[in-house]
Amino acid sequence: MEAEKKQKAPKKSWTKGLQAEFKKIIWPDKQTLVKQTVAVISITAVLGVFIAVVDSGILQLLNLLIK
């Protein structure tokens, strides 16, 4: 019964609200975007290598313990 009492906002007001919020977004300039992208890719690569080295080390240690 409570669901019937609540009325949904009309779609037009929802889309207008969405457009208003979308206009508030401050998009980064190209230089900032490139710097942040390079930082994300670099950190991802470093973490990937670190995890691979740790995984390989643990695997070698387990192989020594099992034999």
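I began with confidence along the chain and noted that, among its elements, helix 1 (residues 2-5) has the lowest mean pLDDT, 56, while helix 3 has the highest, 97; pLDDT is the predictor's confidence in each residue, from 0 to 100. Where pLDDT is low, the predicted coordinates should not be read in detail. For the chain I noted a mean pLDDT of 88, with 82% of its residues at 70 or more.

I kept in mind that this is a predicted model, in which local features need pLDDT of at least 70 and side-chain atom pairs count only at pLDDT 80 or more, whereas totals for chains, interfaces and linings use all residues. Residues are numbered from 1 along each chain as its sequence is written, and side-chain values use heavy atoms, with hydrogens and water left out.

I looked up the fold next and found three helices and zero strands, running α-α-α from the N terminus; helices (H or I, at least four residues) and strands (E, at least two) are DSSP runs, numbered from the N terminus.

I then turned to burial, where 0% of the 67 residues count as buried (buried is under 20% relative accessible area, exposed over 50%, partly exposed in between, with a 1.4 Å probe and protein chains only). The chain exposes about 7,000 Å², and carbon and sulfur atoms supply 69% of that area.

I found one salt bridge in the structure, which joins the side chains of K24 and E21 at 3.1 Å, N to O; the term requires a side-chain nitrogen of Lys or Arg within 4 Å of a carboxyl oxygen of Asp or Glu. K24 is exposed, at 58% relative accessible area, whereas E21 is partly exposed, at 47%.

How values were computed
Areas by Shrake-Rupley, 256 points an atom, 1.4 Å probe, with all protein chains shown as cover.
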